[in-house]
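Q: I'd love a close look at one part of this model: a piece of the core, how its strands pair, and what a helix packs there. Could you walk me through it?

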Amino acid sequence: MALSPHVPELGALELLLAVARLGSVGRAAAELGVSQPAASARIKGMERQIGVALLERSPRGSRPTEAGRLVVEWARGVVEAAQALDAGIDALRGSRDARLRVVASLTVAEYLMPGWLLALNEASPGTAVTLRTANSADVAARVLAGHADLGFVEGPRTPAGLSGAVVAADRLVVVVAPDHPWARRSAVTGPELAATPLVLREPGSGTREVLDRALAPFGGTAPPRLELASSTALKAAAMTGAGPVCLSELVVVEELATGRLVSVPLTGVDLHRPLRAVWPAGQRPAGPARALLGLTRRPARGSR
C-alpha cells in the first residue's frame with residue numbers, strides 16, 4: 001500500500017529528532033550540516049504536511065509539542081530502521097566491491113595483466129579477482145552480457161555497445177625461423193605479405209582483425225597456412241618452420257633476443273594497434289574495476 005502524502009521524508013524526520021535531542025533548531029541544523037533558515041523552513045513544511053504544530057519555539061530554544069512528542073517517538077523507530085538498512089546496504093556493497101571479474105585477450109592477460117593485478121593487490125589486498133581469457137570478440141560479448149566487470153581487447157576500434165579507454169600500445173610483427181628465406185630479407189612489402197599463406201590467430205582475435213585491416217588495401221590476407229588459438233602455439237609453429245607468423249611484439253621479446261626467431265622488416269604496412277579496457281556503454285567502472293583501470297595508466301616500475 002502506498003504511503004499517504006502526510007508522511008514526511010526521512011531527512012525531515014532526522015531533523016526533528018535532532019531538534020528534540022538538542023533543544024534548538026540552530027544546533028540541529030549545525031549538526032546535520034544545513035543552514036538554520038533551511039532547517040526552520042523544513043520543520044514548518046513538515047508541520048503543514050502533517051497538519052499539526054510539532055515544536056514550541058521560545059527565546060530559549062525549541063521543544064516538541066504534545067503532538068510533536070508522539071511524532072518524535074514514531075520517527076525514532078523509522079530512522080533507526082533506515083540506519084539499519086543503510087548499514088546493510090553498505091555491507092552488501094562492500095562484499096560486491098571486494099570482487100572483480102576481468103576478461104582479457106590472450107596478449108593482455110599473459111603479458112600485461114600480471115603486473116596490473118599485482119599492483120591492485122598491493123593497493124587493495126582484500127579484492128578477490130577472477131581473470132578469464134578469450135579472444136577480443138568473446139571478451140566484448142562477455143562484458144556486454146554482464147559476465148565481467150571490465151574487459152581488455154586488442155584491435156583498432158572499441159566494440160559496439162561498449163565504452164573504452166586505451167591503456168597501452170602494441171605492434172604486430174611477422175617472425176620466422178632463422179633458416180627461413182625471409183630471415184635474410186631487407187624488407188617484405190604489403191602485397192607480398194598479403195599473398196603469402198601465414199600462420200595466424202583465429203578469426204575474432206584482435207591480432208587477426210588488425211592484420212586483416214592492414215592488408216585490405218592489398219586484397220586482404222591469403223588463406224592461412226594454419227590457424228592457432230594461442231600465442232604459444234604460434235611461436236612454436238614459427239620455430240619449427242611452419243611459415244611466417246604474425247603476432248604481438250610483446251609475445252616474442254625473449255625469442256627475438258635469443259635468436260630463436262627473426263623479425264621480418266615490413267614496408268608499406270602499419271601493424272600498430274591500441275589495447276583497450278572496455279565496459280558497457282552508459283556506465284562507468286566503479287570499485288575495484290575503476291581502481292584497476294587507474295593502475296593500467298601508471299608507468300610500469302622501472303620505466304622512465
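A: Let's start with the strands of this predicted model. Strands β3 and β4 run parallel and are joined by six bridges. β3 also runs parallel to β5, with three bridges between them. Val 102 takes part in both pairings: its bridge partner in β4 is Leu 131, while in β5 its partner is Leu 150.

Now for the helix. α6 spans residues 113-123, and its buried residues are Met 113, Trp 116 and Leu 120. They lie on the same side of α6 because they cover an arc of only 65° around the axis. That fits a simple rule: an α-helix has 3.6 residues a turn, so residues three or four places apart point the same way. What covers these buried residues includes the strands just described, β3 (99-104), β4 (128-133) and β5 (150-154). The cover also includes α5 (106-111), β6 (162-176) and α12 (287-296).

One contact deserves a closer look. A search of the whole structure turns up one aromatic pair, and it is formed by Trp 116 and Phe 152. The ring centres are 5.5 Å apart and the planes differ by 35°, which makes the pair tilted, as planes under 30 degrees apart would count as stacked. The pair links distant parts of the chain, with Trp 116 in helix α6 and Phe 152 in strand β5, 36 residues apart. Both partners fall under the 20% cut-off for buried: Trp 116 has a relative accessible area of 10%, and Phe 152 has 0%.

Notes: Residues are numbered from 1 along each chain as its sequence is written. This is a predicted model: local features need pLDDT of at least 70, side-chain atom pairs count only at pLDDT 80 or more; totals for chains, interfaces and linings use all residues. Side-chain values use heavy atoms; hydrogens and water are left out. Buried means under 20% relative accessible area, exposed over 50%, partly exposed in between (1.4 Å probe, protein chains only). Helices (H or I, at least four residues) and strands (E, at least two) are DSSP runs, numbered from the N terminus. The arc is that of the directions from the helix axis to the C-beta atoms. Contact means heavy atoms within 4.5 Å. Two strands pair if DSSP finds at least two bridges between them. Rings of Phe, Tyr and Trp (its six-membered ring) pair if their centres lie within 6.5 Å; planes under 30 degrees apart count as stacked, over 60 as edge-to-face and the rest as tilted.
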